[in-house]
Amino acid sequence: MLTPVVDEDGAPFWEYAARGELRIQGCADCGELRFPPRPCCPHCQSFAAEWRLMSGRGRIWSYVLPHPPLLPDYAAQAPYNAVLVELADAPRIRLVGNVVATPDAALDSVDPGRLRIGAGVRVAFTEVDGVTVPRWLLERG
């Protein structure tokens, strides 16, 4: 599996994830949230930032089921999903991830027929190659 590249701006996101917290960077001056993390607020150009705790709930905004040819590490896990999740407490923020049956389950652990645009999900965390990553669990069976 491809592991995230942790840069200086995004490092706090991954540190909070390792604690089981979903936090999003926000401007400490104007209050606007932003993702991906970056040094300057795109709304007011302030360099003051804070990390706000999110509820971890959201909805599937979009998804795709990748088809071959796939990268070798992913081919064995097909058919898997890649989802774009809109956060419930920050609807303009969308995170990419996978819907899985349990936090440590394989990427192909959820039947693709169960995925729907608008389906409720909640975050779960698991460690992959030394980095704790968010994944998503369906809210209802």
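This is a short talk on one sheet, one helix and one pocket in the structure above.

Okay, before I start, keep in mind that this is a predicted model.

Let's begin with the sheet. There's an open one with five strands, and reading across, the order goes β6-β5-β4-β7-β8, with antiparallel pairing. So which strands stand at the edges? Those are β6, residues 90-97, and β8, residues 131-138. Each has a single partner strand, so one side of each has no neighbour in the sheet. If you're looking at how the strands sit against each other, neighbours in this sheet are turned by 40° on average, ignoring direction.

Now zoom in on β4 and β7. β4 covers residues 57-64, β7 covers residues 120-128, and the two run antiparallel, joined by three bridges. If you want something to click on, find R59, which has G120 of β7 standing opposite.

Next, the helix. α1 is residues 11-18, and it lies across β7 and β8. Against β8, the helix runs at about 65°.

And then the pocket. The largest one has a volume of about 610 Å³. There are 25 residues lining that pocket, and the closest to its centre are P4, W14, V96, G97 and P134.

Where does the lining come from? Well, α1, β6 and β8 each put in at least two residues. β6 gives the most, with four. That's the edge strand we met earlier.

What about the chemistry of the lining? By class, you get 17 nonpolar residues, four polar and four charged.

That's my tour, happy to go back to any of it.

Notes. Residues are numbered from 1 along each chain as its sequence is written. This is a predicted model: local features need pLDDT of at least 70, side-chain atom pairs count only at pLDDT 80 or more; totals for chains, interfaces and linings use all residues. Side-chain values use heavy atoms; hydrogens and water are left out. Two strands pair if DSSP finds at least two bridges between them. Axes are lines fitted to C-alpha atoms, for helices over the stretch in contact, and angles run from 0 to 180 degrees between N-to-C directions. Contact means heavy atoms within 4.5 Å. On a 1 Å grid over the protein atoms alone, a cavity is a set of points where a 1.4 Å probe fits but cannot get out, and a pocket is an open set with protein on both sides within 12 Å along at least five of seven lines; lining residues have an atom within 4 Å of a point. Grid points are joined across faces, edges and corners, and a volume is the space filled by probe spheres set on the points. Ala, Val, Leu, Ile, Met, Phe, Trp, Tyr, Cys and Pro count as nonpolar, Asp, Glu, Lys and Arg as charged, and the others, Gly among them, as polar.
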